[in-house]
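Thanks for coming, everyone; I would like to walk you through one structure this morning, beginning with how far it can be trusted and then turning to its sheets. Please have the sequence and the coordinates open while I talk.

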Amino acid sequence: MGPGDPVLGNGKLVRRSRGRPGRPRLSGGGGGRFSPATQPTAPPCTDFDLAYFKAYSHLGVHEEMLKDRVRTESYRNAIRQHQDFIAGKVVLDVGCGTGVLSIFCALAGARRVYAVEASDIAVQAADIVNENNLSDKIIVLHGRVEDVDIDEQVDVIISEWMGYILLYESMLASVIFARDKWLKPGGLILPSHATLYMAPITNPERYHDSIDFWQDVYGIKMSSMKSLAKQCAFIEPSVETITGESVLTWPCVVMQVDCYTIRVEELQSITANFEFSSMLQAPLHGFGFWFDVEFNGPMGIEANSDATVVLSTAPEDSPTHWQQTILYLFDPIELKKDQIIEGSVTLSQSIENARFLNIHIQYCCGGRSFVKQSTMR
Ligand SMILES: C[S@@+](CC[C@H](N)C(=O)[O-])C[C@H]1O[C@@H](n2cnc3c(N)ncnc32)[C@H](O)[C@@H]1O
């Protein structure tokens, strides 16, 4: 993460910058979208939300996202793939930032684009739209999508809402709000589906760097520092890049999101059971998380090509600014080949701040039971 990354209320870094062959993929084409009986009610804008939007008013984070070519080109490819549907239609860009996705949609022939942005980067987005002579097509609305007025229904919703470990930042709720308020039946949501994966990982270098370092410092024994070092290094989830070689097993699917149908209540707490079988004899240092998103149309919308665009943040794919999120164990566990690690993981919104994410892992390995509880702040 770079110095320009936004921060949440407590000054911690919020955001971001990355499958094994054959890992599970969602099937193409969503079903009918969820139709609420009533219009959604805007949740109150909290001090945490204000701090979150303030963080996004800084140039650095937008620069980092735009420089992430895997991310930005995946969106552009998806827009091009769905160009036949987008041409002549009305688009809503939830959280437009600099307006890049709105401009891609306008260039793909959208008739009108509502570019909604709550942070002050909206001012620059409007300048960028002007600079590209697109102010007749793109209307920049500076405000929360939950609060702005849009007097028509839209055909397409586009948004880059994914945080670390997919759900961190809780921005998906705003996309769901927009979907339930403005999306026409049969409309397109980009991205349409997301999958969060988890797998046990080994990372001896990281462990050595942070913990074994204290064994011998310039010939001085400092091993009494190890326990504090473990606290400091491993208490919180770590956003870092690992490679496919660090991954000890096939990943499990923690959750699948269908943006056409998911409801906000389903995001409050997610539990998945796992049973991993180690492919190697190696020290288990922690559990890694990553995600991918797909850009499918709802049933009946033909894309320009058969191949679904997939934006992957997996260790073996090209790095992105999201990297991977690792939950390290305090003490490594020596795994034998084919050893089973079984248990469950629960992701839940923090009561302290709904944009924070609690991660609770309980697991059994070699006849012993463990619990790892962490909050991504
Ligand atoms: C990850 S950035 C993506 C920016 C831009 N779409 C891009 O792809 O470069 C998400 C943006 O959404 C904005 N945002 C988040 N929640 C929002 C909400 N409820 N209403 C309006 N904007 C929101 C943030 O301020 C941030 O600028």
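What you see is a predicted model, and the mean pLDDT of the protein chain is 90, with 88% of its residues reaching 70 or more. If we look element by element, helix H9, residues 226-234, has the lowest mean pLDDT, at 92, while strand S1, residues 90-94, has the highest, at 99. A caution belongs here, though, since over residues 1-35 the pLDDT is below 50, even though this stretch has 111 contacts in the model beyond near neighbours in sequence. Where pLDDT is low, the predicted coordinates should not be read in detail.

Let me turn to the parallel sheet. Five strands form this open sheet, in the order S3-S2-S1-S4-S5, and the pairing is parallel. At its edges we find strand S3, 138-142, and strand S5, 183-190, each of which pairs on one side only, and the twist from one strand to the next averages 20°. Helix H6, residues 121-131, packs on this sheet, where it touches strand S2, 112-117, and S3, and the direction of H6 makes about 165° with that of S3.

Which strand should we look at within this sheet? I would pick strand S4, residues 154-159, which pairs with S1 in the parallel sense over four bridges. Along that pairing, Val91 stands opposite Val156 in S4, and Val94 has Ser159 of S4 as its bridge partner. On its S5 side, S4 is again joined by four bridges, with the two strands running parallel, and here the bridge partner of Val154 is Leu183 in S5. How many residues of S4 are buried? Six of its six are, so to speak of S4 as mostly covered is fair. Finally, S4, helix H7, residues 172-182, and S5 together make a right-handed β-α-β unit.

Now for the antiparallel sheet. Four strands form this open sheet in the order S9-S13-S14-S15, with antiparallel pairing. Strand S9, 269-277, and strand S15, 368-376, stand at the edges with a single partner strand each, so one side of each is left without a neighbour in the sheet. The twist here averages 15° from one strand to the next. Within this sheet, strand S13, residues 340-349, and strand S14, residues 357-365, pair in the antiparallel sense over nine bridges, and one such bridge partner, for Ser344, is Gln362 in S14.

Conventions
Residues are numbered from 1 along each chain as its sequence is written. This is a predicted model: local features need pLDDT of at least 70, side-chain atom pairs count only at pLDDT 80 or more; totals for chains, interfaces and linings use all residues. pLDDT is the predictor's confidence in each residue, from 0 to 100. Two residues are in contact if their C-beta atoms, placed from the backbone, lie within 7 Å. Two strands pair if DSSP finds at least two bridges between them. Axes are lines fitted to C-alpha atoms, for helices over the stretch in contact, and angles run from 0 to 180 degrees between N-to-C directions. A residue is buried if 20 or more other C-beta atoms lie within 10 Å of its own, exposed if 12 or fewer, and partly exposed in between; C-beta atoms are placed from the backbone. A crossover is right-handed if, with the strands pointing away from the viewer, the path from the first strand over the helix to the second runs clockwise.
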